[in-house]
Amino acid sequence: MEYTIRKMEKKDINQVQEVARTSWNTTYEGIIPLKIQESFLASAYSDEMMLKRLEVSSLYVAEKNGKTVGFANFSPVKEEGEVELGAIYLYKEYQGEGIGTALLQEGIKELNGARSVYISVEKENETGTNFYRSKGFTVVSEFDDDLEGHITKMYRMVLSL
């Protein structure tokens, strides 16, 4: 289980984009049409958006044998001590090794003053919802999200720190 977690740098953008694309395609196959996935990923993970994320949020990468195998994206801590976990994505073959947990813990450790971490998870994403539940997140609400014209069923989950 040799992996390292570190803050993301500009040089990591291409590998992070690849992790996002591959893990989205694996996770949402049969849930979100591929065309909508590709459209969302092209805008949310464009070079421009990745540079902006680096400026305004906390990003961490997980590396194994010199290869980026996952990443996590946290918002800054808001006044009420709330943090939004935008993403934890890993290549499928690296899931279950403790890497997602390590990314979550690293982000939380760095978030001074955080009292709660919120995340929105696609309801049918069983891997994701089970992961967050196992880390102590609880569902606080359900809502429909319009993803480029495709309606997804979402869970709003929270972890109290």
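**Reading the assignments of a predicted model**

Guide: Trp24 lies in helix 1, and the model that contains this residue is a predicted one.

Visitor: Why does Trp24 count as buried?

Guide: The relative accessibility of Trp24 is 6%. The term applies under 20%, so Trp24 counts as buried.

Visitor: Which residues are in contact with Trp24, leaving aside its neighbours within four places in sequence?

Guide: With those neighbours set aside, Trp24 is in contact with Glu29, Ile32, Gln37, Phe40, Leu41, Tyr89 and Leu147. A contact requires heavy atoms within 4.5 Å. Of these partners, Tyr89 is 65 residues from Trp24 in sequence, while their C-alpha atoms are 8.1 Å apart in space.

Visitor: What makes the buried residues of helix 2 line one face?

Guide: The buried residues in helix 2 (residues 34–44) are Ile36, Gln37, Leu41 and Ala44. Viewed along the axis of helix 2, they fall within an arc of 130°, so they line one face of the helix. The face turned away from that side carries the exposed residues Lys35 and Ala42.

Visitor: Against which elements do the buried residues of helix 2 pack?

Guide: They pack against helix 1 (13–27), helix 3 (47–56), strand 6 and strand 7.

Visitor: What is the order of the strands in the sheet?

Guide: Seven strands form an open sheet in the order 1-2-3-4-5-7-6, with mixed pairing. Strand 1 (4–7) and strand 6 (138–147) each have a single partner strand and stand at the edges, so one side of each lacks a neighbour in the sheet. From one strand to the next, the twist averages 30°.

Visitor: How do you know that strand 4 and strand 5 pair?

Guide: Pairing requires at least two bridges. Three bridges join strand 4 (residues 82–90) to strand 5, and the two run parallel. The criterion is therefore met. Within this parallel pair, Glu84 stands opposite Tyr118 of strand 5.

Visitor: How do you know that strand 5 also pairs with strand 7?

Guide: Seven bridges join strand 5 to strand 7 (residues 150–160), and these strands run antiparallel. At least two bridges are required, so this pair also qualifies. Ser116 has Ser160 of strand 7 as its bridge partner, and Tyr118 has Val158 of strand 7.

Visitor: Why is strand 5 called largely enclosed?

Guide: Strand 5 (residues 116–122) has seven residues, and five of them are buried, so the rest of the structure largely encloses this strand.

Visitor: What kind of unit do strand 4, helix 4 and strand 5 make?

Guide: Together they make a β-α-β unit, and it is right-handed. The word right-handed applies if, with the strands pointing away from the viewer, the path from the first strand over the helix to the second runs clockwise.

Visitor: Is Thr101 buried or exposed?

Guide: Thr101, placed in helix 4 (residues 99–110), has a relative accessible area of 18%. That value falls under the 20% cut-off, so Thr101 is buried.

Visitor: What makes the pair Thr101 and Lys135 a polar contact?

Guide: The side chains of Thr101 and Lys135 are joined at 3.0 Å. The limit for a pair of N or O atoms is within 3.5 Å, so the distance satisfies it. Beyond four places in sequence, Thr101 is in contact with Phe131 and Lys135.

Visitor: Why is Asp12 called buried?

Guide: Asp12 is placed in the loop between strand 1 and helix 1. Its relative accessible area is 2%, and buried means under 20%, so the term holds for Asp12.

Visitor: Which side chain makes a polar contact with the side chain of Asp12?

Guide: It is the side chain of Arg6, at 2.7 Å. The side chain of Asp12 also reaches the backbone nitrogen of Glu9, at 2.8 Å. Outside four places in sequence, the contacts of Asp12 are Arg6, Lys7, Val61 and Thr68.

Visitor: What is notable about the phi of Asn65?

Guide: Most residues other than glycine have a negative phi. Asn65 has a positive phi, near 50°. This residue is found in the loop between strand 2 (58–64) and strand 3 (67–74). Its relative accessible area of 73% lies over 50%, so Asn65 is exposed.

Visitor: Why is Glu148 called partly exposed?

Guide: Glu148 has a relative accessible area of 42%. Buried means under 20% and exposed over 50%, with partly exposed in between, so Glu148 takes the intermediate term. Glu148 is found in the loop between strand 6 and strand 7, and its phi is positive, near 50°.

Technical notes
Residues numbered from 1 in each chain as written. Predicted model: local features only at pLDDT ≥ 70, side-chain atom pairs only at ≥ 80, totals over all residues. Heavy atoms only, no water. Helix = DSSP H or I, 4+ residues; strand = E, 2+ residues; numbered from the N terminus. Buried < 20%, exposed > 50% of the residue type's maximum accessible area, 1.4 Å probe, protein only. Polar contact = N/O pair within 3.5 Å; in protein donor to acceptor, adjacent residues only side chain to side chain. Axes fitted to C-alpha atoms, helices over the stretch in contact; angles between N-to-C directions. Arc of directions from axis to C-beta.
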